[in-house]
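Trainee: Hi! Could you walk me through the charged pairs in this one?
Mentor: Happy to, let's pull it up.

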Amino acid sequence: MSKLFTSLVFLILSSTLFAQFPGARMGGGTANMNVGHFYGKIVDSKTNKGIEGVTVQISGNRFDTVAKKMVQAILNTQITRANGDFSFENLPVFGDFKLKFSALGYAALEKTVSFGIKMPARGEAGAAGGGMQQMAGMTDKDLGNFKMEPDATDLGNVTVTSTAKPQFEMGIDRKIFNVDKNLVSAGQTATEIMKNIPALNVDVDGNVTLRNAAPTIFIDGRPTTVTLDQLPADIIERVELITNPSAKFDASGGNAGILNIVLKKNKKTGYNGGIRTGVDSRGRINLGGDINIRQNKVNAFLSANFNQRKSISNNYTDRTNLFSTPSNVKTTGKGVNEGYFGFFRGGFDFLVDNRNTISLAANYNKGQFDNVNTQRVDSTVQNNFTSYNQIQNNSRSNFENFGTQLSYKHNFARNGENISADLNFNSSKNDNNAYTGTSTFKADNSVKFPALLQQTTGSGTNKFYTLQTDYENPLSDDSKLELGARAAFRDFGNTSNQFRYDYGTSKYTLVPAISNRYKFNDQVFAAYATYSFKVKKFSYQLGLRAESSNYTGTLLKTTGADSSQFKVDFPLSLFPSAFITYKMTDKEDLQLNYSRRVNRPNFFQLMPFPDYSDPQNINIGNAGLKPEFTNSFEVSYNNAYKRGANFLVTAFFKYSTNLITRYSYTGKNELNPTDTTPVFYNSYINADNSITYGLELSNKMPVTKWWDLTLSANLFSAKINATIPGQNINNDARVSWFAKMNSSFKITKTLSIQFSGDYQAKTVLPPGGGGGGRGGGGGGMMWGGGMQGTAQGYNLPRYGFDLAIRKEWTWKNGKSGALTLSMNDIFRTQLFESYSESNLFTQTSQRRRDPQVLRLNFNFRFGKFDATLFKRKNTKADQGGGMDMIQQ
């Protein structure tokens with residue numbers, strides 16, 4: 001029975017590797033995956049200099065098609081280069097290999113190496129253990145330096161373990177979700193992918209929250225100016241949730257963690273690529289393509305995507321203002337937003353030699369959207385219907401983003417020791433032009449006032465520079481030291497001009513009081529150190545980060561008046577982190593972690609000058625705000641209780657001091673002193689403290705051989721204690737929860753179905769006043785995280801389901817295709833309803849967006865897994881350097 005189980009595991013691992021590397025060769029019914037890569041260097045034992053002209057021979061098992069069995073054979077022979085480098089590619093990943101080195105003047109040397117896959121015990125296969133993602137790349141192995149002398153030091157056997165990517169993985173400081181096979185998000189944006197991540201919540205506007213707060217958005221481990229709705233879902237490989245970031249990451253971000261989006265980047269030798277296209281039931285198309293070429297020392301990649309989108313939303317709001325003379329306002333509206341965006345990405349990796357790589361990557365995206373919004377606003381004063389407004393808003397917005405990264409990485413001879421440095425630059429600019437017409441009518445439908453015609457023009461720029469260096473040193477098999485430094489600079493500018501139509505001159509005239517121009521500059525400097533080590537079944541990671549920043553904001557006048565400037569210097573602060581993991585059994589882990597983080601106030605929270613852009617909701621900042629500090633604790637239990645299954649439960653607790661809290665009060669309308677109607681003023685203050693805690697549960701299980709089911713539930717609560725002028729806010733802690741389900745059915749070998757759904761119970765409104773992601777993260781280094789709100793309220797229960805069906809084809813020439821048919825909110829049940837209240841108002845609202853949109857997408861893949869492709873000379877000595885130098 002054990003032999004049968006071992007054979008089954010062997011075949012499963014082989015088939016998953018074959019799916020990941022479709023060009024790999026199969027032989028004689030036994031999977032022999034030719035995707036392995038050994039490389040290293042031959043040096044003189046006395047001078048440590050590379051030796052040129054050494055003959056390197058590798059032998060191993062090869063399937064004999066005549067004898068129908070595995071036989072020992074010479075697989076390849078090379079001559080080392082001038083610097084002593086050698087490299088063998090397209091090797092089987094199973095079995096042992098022998099390396100023989102010979103050269104004039106040196107004693108012969110022989111070493112044994114292997115890509116030895118350890119057959120897991122029953123229940124281990126597919127487990128979401130902490131090392132899965134790292135193990136997936138270990139088929140590329142740096143063997144280090146081999147010293148040639150009569151008494152050469154025996155480096156012993158080098159073992160490589162390889163496995164296919166599971167849907168979910170758990171690392172020491174993050175949860176990893178491999179989403180490249182997600183069906184329901186095909187042809188859409190990153191926002192739709194986030195709806196299927198267990199711990200994330202996405203509202204009707206596409207704002208993403210993690211543990212009821214806005215996370216910081218990273219792309220490929222670095223900050224970005226690209227928003228989630230500008231990023232095609234088809235180019236995303238995985239999503240990493242770093243719920244409690246260690247000292248390696250920015251301390252900024254407040255209550256939420258980091259959402260890191262890793263884009264696809266193929267590194268297979270030869271060439272490969274794909275094209276994709278799709279259309280939805282509203283006649284909007286999406287197109288995309290990618291190509292990757294790797295030959296010798298160069299890996300080049302290029303991808304392009306074009307997406308059209310038409311979004312339709314309906315909304316209803318009922319608000320009661322609790323003034324001395326109570327009034328009620330009901331708003332009914334419909335919005336249609338349509339447009340397009342293109343996303344282009346390209347770059348290359350240049351392998352200088354086996355241990356040095358230079359990489360350059362860049363992305364560019366541009367888009368335009370037109371929005372038509374109509375509203376009717378009914379006003380009631382003391383239960384008497386007095387008037388109503390008809391509002392028509394037409395707007396056009398354009399955006400453009402550019403980002404680039406220049407990286408260098410050096411691998412030392414010791415396996416795992418490396419140093420890297422990179423320079424990142426991201427910039428974005430946008431402009432918009434909107435016309436709004438407001439007609440006011442009496443209860444008898446007669447005109448009450450002449451129509452108010454307004455025009456708004458605006459533009460903004462954002463430039464983000466990041467310099468970072470990291471050093472990693474495995475001090476021993478059980479310990480590792482990591483060091484790093486980082487500097488980040490951001491320049492942000494924005495202009496908003498408000499015009500009103502003058503019936504006397506028949507022209508739009510500027511209204512300076514409700515127009516604004518501002519800019520700010522933010523600088524953050526940091527350094528960190530982490531030390532990881534193991535003691536028996538315990539793994540530890542201890543870290544410390546030092547960080548300081550300064551902030552300069554300028555409010556530029558729209559007329560000839562002088563500008564107003566303020567500057568804030570935040571002193572050096574220390575941010576410790578600690579992670580402790582206990583390996584209970586081969587299938588069970590228990591982890592405890594802690595970190596300290598900071599949430600610095602942003603421009604609007606600090607700006608001490610009134611912003612009259614919305615005359616009925618005037619904003620004014622507080623230059624005396626202090627940073628908000630949060631201490632976060634987590635306890636996680638992970639159990640891979642059977643093959644292909646995983647159960648994860650995490651409890652978290654956060655305590656914040658000097659909470660940056662938004663509050664409202666009423667005052668006179670300074671724009672129109674003769675108007676006695678009070679208006680709302682919004683400002684910010686440091687609250688006393690807040691407490692957030694919760695529980696996350698996730699269970700992935702194979703119900704049958706053809707049905708995989710993932711269930712997750714999130715429970716959370718928050719309590720704010722704040723003393724505010726005229727108010728004493730002590731929000732009662734209420735437990736809220738939401739759940740998600742994802743079912744994958746393998747009907748046949750080439751036909752699959754994905755059925756997913758989510759349910760949100762009655763949920764308290766996010767203390768951050770909304771989510772992030774659609775607008776670029778909603779928090780983080782410059783923006784200081786989401787603001788806290790003193791209005792109490794809740795979201796009403798809601799639920800919805802998505803469905804997708806995929807048919808796949810594979811042809812003998814290595815090409816493959818897939819056709820996907822999907823529909824979101826198939827039962828039209830996703831209605832977002834909320835209730836909020838304060839001592840100034842009560843409000844209920846309803847919104848629905850894009851129900852039952854049908855999408856059809858086709859994806860075609862091609863390629864040739866051939867190391868000798870494009871080579872002018874078919875010589876094995878020409879093979880390139882180490883693949884693990886190429887970023888994924």
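Mentor: We'll go through some salt bridges and where their residues sit.

Mentor: This is a predicted model, where local features need pLDDT of at least 70, side-chain atom pairs count only at pLDDT 80 or more, and totals for chains, interfaces and linings use all residues. Residues are numbered from 1 along each chain as its sequence is written, and side-chain values use heavy atoms, leaving out hydrogens and water.

Trainee: How many salt bridges does the structure hold?
Mentor: There are 25, each being a side-chain nitrogen of Lys or Arg within 4 Å of a carboxyl oxygen of Asp or Glu.

Trainee: Which residue forms a salt bridge with E482?
Mentor: K248 does, with the closest N and O atoms 3.1 Å apart. E482 is in strand 26 and K248 in the loop between strand 16 and strand 17, so the bridge ties together parts 234 residues apart in sequence. Strands here are DSSP runs (E, at least two residues), and helices are runs of H or I with at least four, numbered from the N terminus.

Trainee: Is E482 buried or exposed?
Mentor: Buried, at 7% relative accessibility. That label means under 20% relative accessible area, exposed means over 50%, and partly exposed is in between (1.4 Å probe, protein chains only).

Trainee: New topic: what does E547 pair with?
Mentor: E547 forms a salt bridge with R600, the closest N and O atoms being 2.9 Å apart. E547 is buried at 0%, and R600 is buried at 6%.

Trainee: Which residues do salt bridges with shared partners join into one network?
Mentor: D250, R486, R545, E547 and R600.
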